[in-house]
Amino acid sequence: MSNTSNTITRRALAAVAMAGLATLNVGAASAQEFPSQPITLVVGFPPGGSTDVVARILAEHMTGTLGQPVVVENRPGAGGTVGIAHVAASDPDGYTLGVSGVGASILVAAMGRDTGYDFDAELDVVGVMGTLGLVIAGRNGLEATTLPELIATAAADPEALSYGSSGVGTPGHLAMEYLLDEAGVEMLHIPYQGNTPLMNDVLGGHVDVALLTTPGAAEQVRAGGIVAYAVSSPERSPLMPEIPTVAEGGFDGYSATLWNLLVTPEGTPDDVQAALSEALNAAQQDATVLEAFASAGLAPTLTSPAEATQFLEDERALWSGVIEQLGIAE
Amino acid sequence: MWENILLGFATAMTVENLMYCFVGVFLGTFIGVLPGLGSLAAISMLLPMSFYLEPTTALILLAGIYYGGEYGGSIASILLNLPGTPSAAVTCLDGNPMAKQGRAGVALFVTAIASFVGGSVGVVALMGFGPSIAQLGLSFGPADYFALMLLGLVAAVTVGGGSLVKGLIMVVLGLLLGTAGTDVTSGEFRYTFGFLELRDGVSLVAIAMGLFGIAEVVSSVREAGTRKITEKVTMRSMMPTRADMRRTVGPMARGSSIGGFLGALPGAGTVIAAFLAYATEIRVAKDKTRFGKGAVEGVAAPESANNAAAQTAFIPTLTIGIPGSATMSIMLGALMIHGITPGPLLVTDHPTIFWGLIASFWIGNLFLLVLNIPLIGLWVKVLQFPYKYIYPVVIALICIGVFSMRTSVFDVGLVVIFGGLGYLLQRTGYSAAPLILGFVLGPMLEENLRRAMLMARGDAMRMVSDPVTGSILGLSAAMLIWAIYGGVRNVIRSRQVKDIPPGET
């Protein structure tokens, strides 16, 4: 049953392509037929992580809009690239989608490492699944209470401070190096494997400064376990509105955000992409989803597939620029 | 304090929560028994259910699967030498020899009791000292972790019985396997041979299931036609003797303490807890030769340790919001789906979740005990089943289980390779257990040593001079000297024995 309607969709599309007719009618008709079977949403991180939770919240709502289950499938590994490599190799029929973060979309490739796919050639961007800032936080007992003071400490003694990130070439590492480079100071980089051990060590006072994701950091700040100096996003975080942005701290124009893109294999029909984009945007306007986004510190981001592609281009220009400026690519 | 505990039991005792607790531990036991299918896979699959459940109820269900799985993992280890979970690999060492001696019922009974004791100790630690244990865990820095892992490695050499040299070889092999993957300090790929699947290292489950599961099946095929165990199970044969019970008291106490402590350290986990508890028993035992041949202590200690660790793993997870393992991250994910961000204020902001969950742990452990003692007879019947039916099912389950961990076909291929290696090791008399521990500890050892050296800016003396790090390192040195001394003494003794004329020994 599902196979039949699928074939019809493809035939209809082929006919349209051959006739060179990009009529709205046919597009709308096949959009109504999509989806006719469950959709798989591939997440490149293990279940329970922040990316996974975002994906599940959105998948839950998109299931309602699309009328077919959107099932999250975890294919964790190598900064999310294992999952995206799987999506890139799937059929471009809109039934295999991926959640692609900063690392899988830009950083891993920009650092000169093999991802197993060529993002632009093998994937289409359908939409943005929310954006999130990083928190620059310090252990209790550091003398500095503001970002300028922290920078001054590092300027006075290049061996005074160490900072932890969730890994080499992760947004936290690059965002901090970018900041240190702008400020012209040095701190010792200590890479961790993810946010969890990093949080452990900054709470325990083993590392001085850490770049942490917003919701977890906000909770620790509220409990008094760490001190927040600044957020890396261009706007203040609704979870900790009293903490200034890095830009406000004297680094005009500084911006580093985390985000996830909804991607499909290259060649996914436009009408299918439009249907998915609509469902994604509808989810990011739903009250329940917005509430969940707020508690996760996520800003909803509504885009068309074209706007999302442009968003990726802008972000790539920013991050590649940072990597180039720092001279850390291989 | 008492109010909180009462609040907890009031939350956990609602009909709905009791039901989900029972479903959780039952499902967990069942999945734990199936080789290769770990609780992680089951919890991942059931995570979407938490959308439709109260957060407390969702956690009670997921947690029940987790610690139920820890218990269930030992059943197949004892009966078929097939560890259901990597931490149950230790239980194979003495549990399976017991089964081969017709004492499977006793081994399962001891497992049930030891698991209950370990679990209860863990729950008490969680209730009474949760936040302070969490603070202690935080004070452990990279250098301390390194020292602790080193202690674990030194202990590992003694696991597996028999030759010290063979143990050492296996530990080193495990360490080498652990070096494959992405180097944390530089981000470079190491020993991935161009396979992108190896960027995160070799899968632990693939190694454990290959070396133990597949290898066991392959070596049993040789005798599958002839081997028949028609053991009659009576209630009497299930009950441990008075001597058995006396022997298990000490191991359970030591195992629970070791497991309880290690479980609370993020990252250390149940595998290390089980191994260290076992190694400790060998160290303190008067007659070390009994281990590996069906010593009841060798079942009681690791079982109490991994169940205690399974409970105390919730300490850093719930009291400071730091999940110690992949499974714990899923638990926190279930809270995040409900918009609750885990952190140090969870206990005060959401007391019903915290105390309700802890109370359910103890109820769940009681369920496990009540559920499993009557089931022992049923489990033992598995042994009477012809192996030609069991083994194909086992292989299929292992493949499904390994695949489900990372949705990776590559890992299934690895299982086959490690199965071959495991068979080879078995035929040549090498124990795979130290390899597993070396593999688990190696990457953590390296990562923490390098991080500690980075923080000390290359000054190794800073590590030795730290009181905590220094004393743990000292303990490792003492254990090593003890082991070498014991080894030398044994060699001398065995030479003396050989001098005695035949007929007089």
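How are helix 4 of chain B and helix 5 of chain B oriented to each other: parallel, antiparallel, perpendicular or oblique? They are oblique to each other, because a crossing angle of roughly 50° falls outside the ranges for roughly parallel, antiparallel or perpendicular. Please keep in mind as you browse that this is a predicted model. Below is a short tour of that helix pair, the loop that joins it, some cysteines and chain A.

**The helix 4 and helix 5 pair in chain B**

- Two packed helices are described by the angle between their axes and the distance between the axes.
- Here the axes of helix 4 (residues 55-80) and helix 5 (residues 89-100) of chain B come within 6 Å.
- Helix 4 of chain B passes helix 5 of chain B in a right-handed crossing.
- On the helix 4 side, the contact is made by B:Ser74, B:Ser77, B:Ile78, B:Leu79 and B:Leu80; their partners in helix 5 are B:Thr91, B:Cys92, B:Gly95, B:Asn96 and B:Ala99.
- Sorted by character, the residues of this contact comprise 5 nonpolar, 5 polar and no charged.

**Cysteines**

- A disulfide is a covalent bond between the sulfur atoms of two cysteines.
- Searching the whole structure turns up 0 disulfides over all chains.
- B:Cys92, one of the helix 5 residues that meet helix 4, is in no disulfide.
- The cysteine sulfur nearest to B:Cys92 belongs to B:Cys399 and is 18 Å away, whereas a disulfide needs the two sulfur atoms within 2.5 Å.
- B:Cys92 is buried, with a relative accessible area of 3%.
- B:Cys21 also counts as buried, at 2% relative accessibility.

**Two residues with positive phi in chain B**

- Most residues other than glycine have a negative phi.
- B:Asn81 is not a glycine, yet has a positive phi of about 65°.
- You will find B:Asn81 in the loop between helix 4 and helix 5 of chain B, where this asparagine is buried, with a relative accessible area of 14%.
- B:Tyr191 is not a glycine either, and has a positive phi of about 50°.
- B:Tyr191 sits in the loop between strand 2 (189-190) and helix 9 (204-221) of chain B.
- With a relative accessible area of 54%, B:Tyr191 is exposed.

**Chain A at a glance**

- Chain A has 13 helices and 9 strands.
- Of the 330 residues in chain A, 55% are buried.
- Among chain A contacts between residues at least 6 apart in sequence, 75% join residues at least 24 apart.

Key. Residues numbered from 1 in each chain as written. Chains lettered and ligands numbered in written order. Predicted model: local features only at pLDDT ≥ 70, side-chain atom pairs only at ≥ 80, totals over all residues. Heavy atoms only, no water. Axes fitted to C-alpha atoms, helices over the stretch in contact; angles between N-to-C directions. Helix = DSSP H or I, 4+ residues; strand = E, 2+ residues; numbered from the N terminus. Parallel < 35°, antiparallel > 145°, perpendicular 65-115°, else oblique. Left-handed = near helix turned anticlockwise from the far one by under 90°. Contact = heavy atoms within 4.5 Å. Nonpolar A, V, L, I, M, F, W, Y, C, P; charged D, E, K, R; others polar. Buried < 20%, exposed > 50% of the residue type's maximum accessible area, 1.4 Å probe, protein only.
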